[in-house]
Amino acid sequence: MATPIHIHPDEVRLTVSQVSDHASVSVRTVKRWIACGELLAERLPSPGGRGHLRIRLRDLVNAQAFETVLRVLLRRNDNNATEALHGLAQGLLGVARHHVKVDAVTEARLKTLVSRLKQRGNGFRNRTRDRLEAVLDERILHRLLHMPARLLEEANTTRNITRKRMLAQLAFACELLLVAPLRISNVVSLRIGKTLVRTRDTRTGLSGWMVQLPAETVKNGRDLAYVLPQANCALLDSALLLYEQVDGWVFPGRSGGAKGYSVLSGQIARAVHQLVGIEWHAHMYRALAGYLVLRDNPANIEGVRQLLGNKDMAVIRENYAFLAERNTIAQAQKAIIRQRLELTNATSSRKGSK
């Protein structure tokens with residue numbers, strides 16, 4: 001087995017474009033941070049002295065840069081914390097802790113900043129509930145569940161190479177998220193042969209896929225694995241045939257490496273709005289997975305926890321109890337109606353036999 005290569009965080013350098021993608025801000029904003037000294041950067045040597053800027057990973061997650069990014073995003077949202085902003089902050093904290101390995105004092109300061117962004121309250125936020133309510137309409141749910149096939153169909157017919165690649169990637173992402181509801185940062189990090197590996201069924205001989213994520217890349221700090229159902233692998237394989245996975249990246253970026261997660265998330269949101277007609281984002285697939293599991297079996301809270309890879313059952317109950325209760329009530333109502341019909345039919349049969 002090959003010895004893994006460990007890259008020191010000081011050697012990891014990001015372009016201005018990559019930082020803008022990860023921070024969900026414009027390139028101009030990143031350049032302004034650099035000009036004001038709020039984000040450290042170095043200029044690559046060039047004959048004219050105007051080489052490209054590069055930002056060390058360590059400098060991106062120091063306390064000052066961390067505060068700068070979050071301050072700008074808070075201002076954009078009228079100083080209201082959101083789930084998305086809290087998730088971004090947690091992602092940056094994970095980079096600081098596991099990859100840069102910042103000192104204890106810096107880590108404590110970053111954790112304090114993240115905790116200030118955590119929204120309080122019980123269960124899903126109102127906006128998440130509203131978006132999830134939309135899929136209770138079975139016509140909308142049908143369109144959402146079959147959207148990957150529609151995207152793949154369009155990808156097969158379009159002659160525009162750029163659009164074909166985007167549609168194929170969207171088909172792959174949305175199909176994957178239906179059965180492996182990953183966080184979007186884990187989705188864009190998928191790499192064939194590393195975190196997305198081939199499997200083979202010894203009984204049927206059919207090949208498939210398995211997602212395997214190491215603990216340091218997962219929010220709950222545990223290894224996470226999904227063996228993808230064979231029924232989904234055919235569409236995934238067809239999508240991969242339509243574009244090149246540069247260096248094994250399932251979602252390759254323009255400047256090498258993986259595509260920015262904010263880019264893919266935005267593409268998914270626009271596709272769902274166009275094809276399904278609802279407001280949506282990539283993280284909503286996790287809520288959808290919970291809904292579908294409980295729709296089938298309202299008592300299967302543990303199944304939701306395992307599917308989503310959560311450690312804390314209390315969080316799952318807090319978020320999904322209303323769905324479990326709703327589906328339990330719906331099943332009880334069906335049982336009452338069914339018994340009424342059975343009794344009506346039995347009574348009619350007895351009358352008819354007299």
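## Cysteines

The count of disulfides in this predicted model comes to 0. A disulfide is a covalent bond between the sulfur atoms of two cysteines. The count rests on a distance cut-off: the two sulfur atoms have to lie within 2.5 Å.

Two of the cysteines can be described by their surroundings. C174 is buried, at a relative accessible area of 0%. C233 is likewise buried, and its relative accessible area is 0%.

## Helix α9 and its cover

Helix α9 spans residues 147-157. Its buried residues are M147, P148, L151, L152 and A155. Viewed down the axis of α9, these buried residues fall within an arc of 135 degrees, so they line one face of the helix. The other side of α9 carries E153 and T157, which are exposed.

Several helices contribute to the cover over the buried residues of α9. Among them are α8 (138-145) and α10 (161-179), which come on either side of α9 in the numbering. The cover also includes α12 (230-240), α13 (261-275) and α14 (284-296). Two of these covering helices, α8 and α14, are also joined by a salt bridge, described below.

## The three-stranded sheet

Strands β4, β5 and β6 form an open sheet of 3 strands, in the order β4-β5-β6 and with antiparallel pairing. At the edges stand β4 (196-200) and β6 (224-227), each of which pairs on one side only. From one strand to the next, the twist averages 25 degrees.

Strand β5 covers residues 207-213 and pairs with β6 in the antiparallel sense over 4 bridges. Within this part of the sheet, M210 stands opposite V227 of β6. Helix α12 lies across β4 and β5, and runs at about 90 degrees to β5. The helix that crosses these strands, α12, is also part of the cover over the buried residues of α9.

## Salt bridges

Side chains of opposite charge can pair when their charged atoms come close. The structure holds 7 salt bridges, and three of them are described here, beginning with R139 and D137. The side chains of R139 and D137 meet at 3.0 Å, N to O. R139 counts as exposed, at 61% relative accessibility, whereas D137 is partly exposed, with a relative accessible area of 27%.

A second salt bridge joins the side chains of E138 and R295, at 2.6 Å from N to O. E138 lies in helix α8 and R295 in helix α14, so this pair ties together parts that are 157 residues apart in sequence. E138 counts as exposed, with 54% relative accessibility, while R295 is partly exposed at a relative accessible area of 33%.

## A link between strand β4 and helix α12

Which residue forms a salt bridge with R198? The partner is D237, and the closest N and O atoms of the two are 2.9 Å apart. This pair links distant parts of the chain, with R198 in strand β4 and D237 in helix α12, 39 residues apart. R198 counts as partly exposed, at 44% relative accessibility. D237 is also partly exposed, and its relative accessible area is 21%.

The link belongs to the arrangement described for the sheet. Strand β4, which holds R198, is an edge strand. Helix α12, which holds D237, lies across β4 and β5.

Note on methods
Residues are numbered from 1 along each chain as its sequence is written. This is a predicted model: local features need pLDDT of at least 70, side-chain atom pairs count only at pLDDT 80 or more; totals for chains, interfaces and linings use all residues. Side-chain values use heavy atoms; hydrogens and water are left out. Buried means under 20% relative accessible area, exposed over 50%, partly exposed in between (1.4 Å probe, protein chains only). Helices (H or I, at least four residues) and strands (E, at least two) are DSSP runs, numbered from the N terminus. The arc is that of the directions from the helix axis to the C-beta atoms. Contact means heavy atoms within 4.5 Å. Two strands pair if DSSP finds at least two bridges between them. Axes are lines fitted to C-alpha atoms, for helices over the stretch in contact, and angles run from 0 to 180 degrees between N-to-C directions. A salt bridge is a side-chain nitrogen of Lys or Arg within 4 Å of a carboxyl oxygen of Asp or Glu.
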